[in-house]
Amino acid sequence: MRSIIIAIVFFILSGLPAQSPAASTVGSPAPDFTLNDLKGHPVKLSAYKGSKVVVLGLFHICDPCRKQTVELQKIFTAYKDKGVEVIGVNASGDSMKDVSEFLATVPGGVGFDYLLDPKTRLEIPYGIRATPNILIVDKQGTIRFRGAFVPASMIESELKKIL
């Protein structure tokens, strides 16, 4: 019986995508992705390589994520004309309707692009364990900062190191 259980576990694990814990760490290349925005337009992370620093927010629908979205809006407003792109991603597979309703509750609104990950494909390569996750990706596509529940002042401090 034990060998059957081991065989089943091995079979299940062999079918899972390979996890690379180093893929989303500071100093590593940001895993590329293409996700649709709320208008259905595809957005590819690597399209910003060489031209923009990207502040990437990986969110669920939750109160801390709403508060983090407000902090990212501050960064968007302050840095949108300075070579910085802010991108929010609903990383929990919520529907477009639910995400739109959630964003409507953000005080002051959201001016930056917000993408949908309906199949939660970013969960493994980005190592999403808690949300919100904030990553800063430099112009070369390398992750330069990673944190959770990050105030705008800390994001700004990290941006100044690479701008």
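How many helices and how many strands are there in the protein? The protein has four helices and seven strands, and this is a predicted model. Along the sequence these elements follow the pattern α-β-β-β-α-β-α-β-β-β-α. The points below cover the protein as a whole, then helix α2 and its partners, and then four single residues.

**Whole protein**

- Of the 163 residues in the protein, 41% are buried.
- The accessible surface comes to about 8,900 Å², and carbon and sulfur atoms account for 59% of that surface.
- Among contacts with a separation of 6 or more, 74% are between residues 24 or more positions apart.

**Helix α2**

- Helix α2 covers residues 63–79, which is 17 residues.
- At 1.5 Å a residue, α2 should span 24 Å. The C-alpha atoms at its ends are 25 Å apart, so the model agrees with the expected span.
- The buried residues of α2 are C65, Q68, T69, E71, L72, Q73, I75, F76 and Y79.
- These buried residues pack against three strands, namely β3 (53–59), β4 (84–90) and β6 (133–137), and against the helices α3 (96–104) and α4 (152–162).

**The α2 and α4 pair**

- The axes of α2 and α4 come within 9 Å and cross at roughly 40°. Because angles from 35 up to 65 degrees fall outside the parallel and perpendicular ranges, α2 is oblique to α4.
- The crossing of these two helices is right-handed.
- From α2, the residues that meet α4 are Q68, E71, L72, K74, I75 and Y79. Their counterparts in α4 are A152, I155, E156, L159 and K160.
- Q68, E71, L72, I75 and Y79 are also on the list of buried residues in α2.

**N90, in a strand**

- N90 is found in strand β4, one of the elements against which the buried residues of α2 pack.
- Is N90 buried or exposed? Its relative accessible area is 0%, so N90 is buried.
- Not counting residues up to four places away in sequence, N90 touches F59, H60, I61, V99, Y114, L115, L116 and D117.

**P107, in a loop**

- P107 is found in the loop between α3 and β5 (113–116).
- With a relative accessible area of 57%, P107 is exposed.
- Which residues does P107 contact, leaving aside its neighbours within four places in sequence? P107 is in contact with R66 and V70.
- P107 and K67 are 40 residues apart in sequence, and their C-alpha atoms are 8.8 Å apart in space.

**Residues with positive phi**

- Most residues other than glycine have a negative phi. T120 has a positive value, and F149 has a positive value too.
- The phi of T120 is near 45°. T120 has its place in the loop between β5 and β6.
- T120 has a relative accessible area of 29%, which means that T120 is partly exposed.
- The phi of F149 is near 55°. F149 lies in the loop between β7 (143–148) and α4.
- F149 has a relative accessible area of 46%, so F149 is likewise partly exposed.

How values were computed:
Residues numbered from 1 in each chain as written. Predicted model: local features only at pLDDT ≥ 70, side-chain atom pairs only at ≥ 80, totals over all residues. Heavy atoms only, no water. Expected span 1.5 Å × (residues − 1). Buried < 20%, exposed > 50% of the residue type's maximum accessible area, 1.4 Å probe, protein only. Contact = heavy atoms within 4.5 Å. Areas by Shrake-Rupley, 256 points an atom, 1.4 Å probe, with all protein chains shown as cover. Axes fitted to C-alpha atoms, helices over the stretch in contact; angles between N-to-C directions. Parallel < 35°, antiparallel > 145°, perpendicular 65-115°, else oblique. Left-handed = near helix turned anticlockwise from the far one by under 90°.
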